[in-house]
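This report looks at charged pairs, helix packing and cysteines in one protein chain. Please keep the structure open while reading.

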Amino acid sequence: MGLLRLPALSTESPKTVSAPTQPIAHARLCPQPKKNAPKGQEAVWDSSAQLQAALDTMCKVLKLKLSKIFLTTSERDTFIGLLTRPVYLVLESEQRVKSTSIRMHAFKVLCMAVKHHGHGYAAQINIVQNLTYFEHLSEPMAEFLHILAETYDYPQLADEILRELSNKEFNSNDTKGPKSVSQFIVKLSELAPRLVIKQMTMLAKQLDSESYTLRCSLVEVCGNMVAHLSRQEERGENHKSQLNAFFDVLEERFLDINPYCRCRAIQVYVKICDLEQKFPKRRQKAAELACRSLEDKSSNVR
């Protein structure tokens, strides 16, 4: 067999490609700031305007009859979730919630989703979770439910949330959850007492809670209910029985095992004394309880 003759390898080194001799324009790599631009303009960028525009667009979408676009409920719920999920994420930012315009825009999106597109149950789950994990949302969530009930005529969501919270159990070592829920209930009783008074029978279960924070909040809610009933023009038997029930709870809390609850009961009675309606039949009992509290072991109560 003949040997295969391979071509001789070239010993010459390959020609190197020379770099371009023209320098790259410096302006492309390091753009010069505009002469007329104010100092620090490029470093600070506020997205509030874009966020509000996005929320406005969501509201326009929610005004459409989505039932004509999505034939099944699951498809519609999935689409609504695409709009509401970013809103809940925005509300998780305490800085965003402090902005009234952004907060109102976010509430409008959620209200329209709940009222017109069956977002009630999903909103209930998200609100209860927000009360558990984000303390700064306690009062804004009460404000949201107030707007939903008054402006959009949808009190059902507030009723369901109050029922769920009334059955919720908290450990005595848990401080964050009860504190947030307490602030929420108190704020809602101030903004929408008619919503809360319907669920007081259920909420009264929390008077037996191990958390003194929840018991304090229920004492304050009872005071708000007394103030609400004192402004009512109707003075029937139901009105009288409700007042007596709330006063009975307040008088019982003078003997609460926790001194903070006893202090809160006294503070609530002080506010009641400043109301236009003076409740003379209850003032004597309140004076006796106050005199007995002067012998309390706790200096705060005294």
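In this predicted model, R103 and E143 form a salt bridge, with their closest N and O atoms 3.2 Å apart. R103 sits in helix 5 (residues 100-117) and E143 in helix 7 (residues 138-150), so the bridge ties together parts that are 40 residues apart in sequence. The two partners fall into separate accessibility classes. R103 has a relative accessible area of 12% and is buried. E143, with a relative accessible area of 22%, is partly exposed; the class of buried residues ends at 20%.

**Other salt bridges**

How many salt bridges does the structure hold? The count is eleven. Side chains of opposite charge can pair when their charged atoms come close. Three of the bridges are listed here, each with its N to O distance.

| Salt bridge | N to O distance | Separation in sequence |
|---|---|---|
| R103 with E143 | 3.2 Å | 40 residues |
| K179 with E135 | 3.2 Å | 44 residues |
| R282 with E251 | 2.9 Å | 31 residues |

The side chains of K179 and E135 meet in a salt bridge. This pair links distant parts of the chain: K179 belongs to helix 9, while E135 lies in the loop between helix 6 (120-133) and helix 7. K179 is partly exposed, at 38% relative accessibility. E135 is partly exposed too, with a relative accessible area of 29%.

R282 and E251 also meet through their side chains in a salt bridge. Helix 15 (residues 280-293) carries R282 and helix 13 (residues 237-252) carries E251, so this pair ties together parts that are 31 residues apart in sequence. Is this pair buried or exposed? Both R282 and E251 are buried. Elsewhere, salt bridges with shared partners join R215, R253 and D256 into one network.

**Helix 9 against helix 12**

Two packed helices are described by the angle between their axes and the distance between the axes. Helix 9 covers residues 176-191 and helix 12 covers residues 212-230. Their axes come within 9 Å and cross at roughly 0°. That makes helix 9 roughly parallel to helix 12, because angles under 35 degrees count as roughly parallel.

Which residues of helix 9 meet helix 12? They are P178, K179, V181, S182, I185, V186, S189 and E190. On the helix 12 side, the contact is made by T213, L214, S217, E220, V221, N224 and M225. The residues of this contact divide into seven nonpolar, five polar and three charged. K179 thus appears twice in this report: K179 meets helix 12, and K179 pairs with E135 in a salt bridge.

**Cysteines**

A disulfide is a covalent bond between the sulfur atoms of two cysteines. How many disulfides does the model have? The count comes to zero. C111 is in no disulfide, and the nearest cysteine sulfur, that of C59, is 9.5 Å away. The cut-off for a disulfide is 2.5 Å between the sulfur atoms. C111 is buried, at 0% relative accessibility. C222 also counts as buried, at 2% relative accessibility.

**The chain as a whole**

The secondary structure comes to 15 helices and zero strands. The protein chain has 302 residues, and buried residues make up 41% of them. Among contacts with a separation of 6 or more, 71% involve residues 24 or more positions apart.

Note on methods:
Residues are numbered from 1 along each chain as its sequence is written. This is a predicted model: local features need pLDDT of at least 70, side-chain atom pairs count only at pLDDT 80 or more; totals for chains, interfaces and linings use all residues. Side-chain values use heavy atoms; hydrogens and water are left out. Axes are lines fitted to C-alpha atoms, for helices over the stretch in contact, and angles run from 0 to 180 degrees between N-to-C directions. Helices (H or I, at least four residues) and strands (E, at least two) are DSSP runs, numbered from the N terminus. Angles under 35 degrees count as roughly parallel, over 145 as roughly antiparallel, 65 to 115 as roughly perpendicular and the rest as oblique. Contact means heavy atoms within 4.5 Å. Ala, Val, Leu, Ile, Met, Phe, Trp, Tyr, Cys and Pro count as nonpolar, Asp, Glu, Lys and Arg as charged, and the others, Gly among them, as polar. A salt bridge is a side-chain nitrogen of Lys or Arg within 4 Å of a carboxyl oxygen of Asp or Glu. Buried means under 20% relative accessible area, exposed over 50%, partly exposed in between (1.4 Å probe, protein chains only).
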